Amino acid sequence: MINLFKTNYDGISKAFWETNYMMAVSMITILIISLPLGIILFALSKDYLLKNRVIYEIVSILLNALRSVPFLIFIFILIPVNRFLFKTSFGNIAAILPLTLIGISVYTRFVEQALINVPKKIIDRAISMGATRMQIIRYFLLPSTIDNLILSFTYTTISLLAYTTVMGVIGAGGLGEYAFRYGYQEYNYNLMYLIVIIFIIYVFIIQSIGYSLAKLFTNKKEK
């Protein structure tokens, strides 16, 4: 395996950074959009915040629609949108939009669910203290859910890593395409297995970082 890695180092390295590029841009965008969107979605369902069932249902339907479309078909559906926004439907840039949208649909729901699971006594305490809507969110809800938010973001990251493996259909490259093109299609199964091992290590690292951060914030919360 070591010799195989050395032989294919340049190709694997290029594919690795293509995967990292897709992941980094998508996950940063997902965090920026999904965290406030999940909070807003939760707020729209609660009387003590911004309850509005009509807007809540509209947003929910949109999120559910994004998650319901098979990802491969979703990539093709977004080709005209990519051409309009980025002037291309091919390569790393074109991969970012479908990855980001599917990630937003997943992580927004995680954020909402984390807030729903906050114990009612914490909300009652905040209301009894006369906290404003923003103070309830900032000082009571978010601190109570930070560990769950980190863990769910970790899960979303790992899921998105799996989605990157099919982005080769629009020439985005990445480890998945490399394993398929130079491993499976050329009957070099050892190379394909090597890429699988790299994915396993990659997931282990992401999971370890996520769990460590969640544990760190849990310890701080308990002090």
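**Contacts, aromatic pairs and a one-sided helix**

Thr-164 touches Thr-19, Met-22, Met-23, Leu-99 and Gly-173, leaving aside residues up to four places away in sequence. The model is predicted. Thr-164 belongs to helix H8. The residue is buried, because its relative accessible area is 2% and the cut-off for buried is under 20%. Its side chain also has a polar partner in the backbone. A polar atom of the Thr-164 side chain lies 2.5 Å from the backbone oxygen of Leu-161.

Ala-43 is a second buried position, and its relative accessible area is 2%. This residue is placed in helix H2. Not counting residues up to four places away in sequence, Ala-43 touches Leu-49, Leu-50 and Lys-51. A further spatial relation concerns Leu-115. The two residues, Ala-43 and Leu-115, are separated by 72 residues in sequence, yet their C-alpha atoms are 9.4 Å apart.

Helix H3 was examined next. H3 covers residues 53-68, which is 16 residues. At 1.5 Å a residue, a span of 22 Å is expected, and the end C-alpha atoms are indeed 22 Å apart. The start of H3 shows a contact from side chain to backbone. There, a side-chain oxygen of Asn-52 comes to within 3.3 Å of the backbone nitrogen of Val-54.

Which residues of H3 are buried? They are Tyr-56, Val-59, Ser-60 and Leu-63. Viewed down the axis of H3, these buried residues fall within an arc of 100°, so they line one face of the helix. That buried set packs against helix H2 (9-43) and H6. The face turned away from the buried side carries exposed residues, namely Val-54, Ile-61, Leu-62 and Ser-68.

Aromatic rings were then surveyed. The whole structure holds 10 aromatic pairs. One of them joins Phe-110 and Tyr-155 in an edge-to-face arrangement. The ring centres are 5.5 Å apart, and the planes meet at 85°. Planes over 60 degrees apart count as edge-to-face, so this pair qualifies. Phe-110 sits in helix H6 (residues 92-116), whereas Tyr-155 sits in helix H8 (residues 133-164). The pair therefore ties together parts that are 45 residues apart in sequence. Phe-110 is partly exposed, at 28% relative accessibility. Tyr-155 is also partly exposed, with a relative accessible area of 49%.

Phe-180 and Tyr-184 pair in another geometry. Their ring centres are 5.8 Å apart and their planes lie at 15°, so the pair is stacked. The cut-off for stacked is under 30 degrees. Both residues belong to helix H9 (residues 175-184). They are 4 residues apart there, which means a separation of about one helical turn. Phe-180 is partly exposed, at a relative accessible area of 44%. Tyr-184 is likewise partly exposed, at 44% relative accessibility. Ring pairs extend this arrangement to a cluster of Phe-180, Tyr-184, Tyr-187 and Tyr-189.

Finally, the annotation was set against the model. An unreviewed UniProt entry annotates residues 16-210 as "domain: ABC transmembrane type-1". In the model, this span is 81% helix and 0% strand. The end C-alpha atoms of the span lie 20 Å apart.

Conventions:
Residues numbered from 1 in each chain as written. Predicted model: local features only at pLDDT ≥ 70, side-chain atom pairs only at ≥ 80, totals over all residues. Heavy atoms only, no water. UniProt positions renumbered as here; feature names shortened; annotations may be inferred. Helix = DSSP H or I, 4+ residues; strand = E, 2+ residues; numbered from the N terminus. Phe/Tyr/Trp six-rings, centres within 6.5 Å; stacked < 30°, edge-to-face > 60°. Buried < 20%, exposed > 50% of the residue type's maximum accessible area, 1.4 Å probe, protein only. Expected span 1.5 Å × (residues − 1). Arc of directions from axis to C-beta. Contact = heavy atoms within 4.5 Å. Polar contact = N/O pair within 3.5 Å; in protein donor to acceptor, adjacent residues only side chain to side chain.
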